[in-house]
Amino acid sequence: PASIRPGSILVVVSQSGETGTAIWLAEEAKRRGALLVAITNRRGSSLAIAGQESGGVIFTESIDEESVAATGSNSSQVIALRLLNLYRRQLSGELNEEEVSKRIHKMYEIPGNIQKIIDDFDNPESENSQTVKRLIKFLKKHGFRETNLVFTGGRGEPRAIAGEGRL
């Protein structure tokens, strides 16, 4: 993209570090004199190497995932992006150090919240499990096929996250 120029900072995210578009963007950043920040799950990947040569790398080092819907690494990458944005906002004066610290400490609650969701789905009597049972019953009744449309929605960041459910 023409917007990549000297003095730009380009953050490129890829679970595998081998995604074609991510590698191309990393090479463009280097070629045009921009600072590259790579966020990836894999050390030694093409993206990680490019980041080490041209700025830096944030390794999420989540579980190794082979599917397109790499939920664990995706979640880790969202956290890394959130942290980068908090520090950017502090640098710009939008947030002070105390506010950044509060927001970071709030993020420590996330694993417990995730565990609650998993536990709830694992409980056959929970509302979430009951919803899944109704969904399965509906899909069986209507002959669910892989080609059926599944709609997800949201606004802003939740919209992108909801899209992960389509994969």
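How much accessible surface does the protein chain have, and what share of it belongs to carbon and sulfur atoms? In this predicted model, the accessible surface of the protein chain comes to about 11,700 Å². Carbon and sulfur atoms account for 56% of that area. The chain has 167 residues, of which 27% are buried. Among contacts between residues at least 6 apart in sequence, 44% join residues that are at least 24 apart.

The secondary structure consists of seven helices and three strands. Read from the N terminus, the order of the elements is β-α-β-α-β-α-α-α-α-α.

Strand β1 covers residues 9-14, and S14 belongs to this strand. Is S14 buried or exposed? The relative accessible area of S14 is 3%. Buried means under 20% relative accessible area, so S14 counts as buried. When neighbours within four places in sequence are left aside, S14 is in contact with T19, A22, I39, T40, N41, L47 and Q77. Two of these partners, A22 and L47, also take part in the contact of helix α1 with helix α2, A22 from α1 and L47 from α2.

Two pairs of helices were examined. Two packed helices are described by the angle between their axes and the distance between the axes. For helix α1 (residues 20-32) and helix α2 (residues 46-53), the axes come within 9 Å and cross at roughly 15°. Angles under 35 degrees count as roughly parallel, and α1 and α2 are therefore roughly parallel to each other. The crossing of α1 past α2 is left-handed. On the α1 side the contact is formed by A22, I23, A26, E27 and K30, and these residues meet S46, L47, A50 and E53 in α2. By class, five of the residues in this contact are nonpolar, one is polar and three are charged.

The second pair is helix α5 (residues 110-122) and helix α6 (residues 127-141), whose axes come within 6 Å and cross at roughly 55°. How are α5 and α6 oriented to each other? An angle of roughly 55° lies outside the ranges for roughly parallel, roughly antiparallel and roughly perpendicular, and α5 and α6 are therefore oblique to each other. The crossing of α5 past α6 is right-handed. The residues that meet are D120, F121 and D122 in α5 and N128, S129 and V132 in α6. This contact has two nonpolar, two polar and two charged residues.

Helix α5 also contains I118. The relative accessibility of I118 is 48%. Exposed means over 50% and buried under 20%, with partly exposed in between, so I118 counts as partly exposed. The C-alpha atoms of I118 and N128 are 9.8 Å apart in space, and the two residues are 10 apart in sequence. N128 is one of the α6 residues that meet α5.

Technical notes:
Residues numbered from 1 in each chain as written. Predicted model: local features only at pLDDT ≥ 70, side-chain atom pairs only at ≥ 80, totals over all residues. Heavy atoms only, no water. Axes fitted to C-alpha atoms, helices over the stretch in contact; angles between N-to-C directions. Helix = DSSP H or I, 4+ residues; strand = E, 2+ residues; numbered from the N terminus. Parallel < 35°, antiparallel > 145°, perpendicular 65-115°, else oblique. Left-handed = near helix turned anticlockwise from the far one by under 90°. Contact = heavy atoms within 4.5 Å. Nonpolar A, V, L, I, M, F, W, Y, C, P; charged D, E, K, R; others polar. Buried < 20%, exposed > 50% of the residue type's maximum accessible area, 1.4 Å probe, protein only. Areas by Shrake-Rupley, 256 points an atom, 1.4 Å probe, with all protein chains shown as cover.
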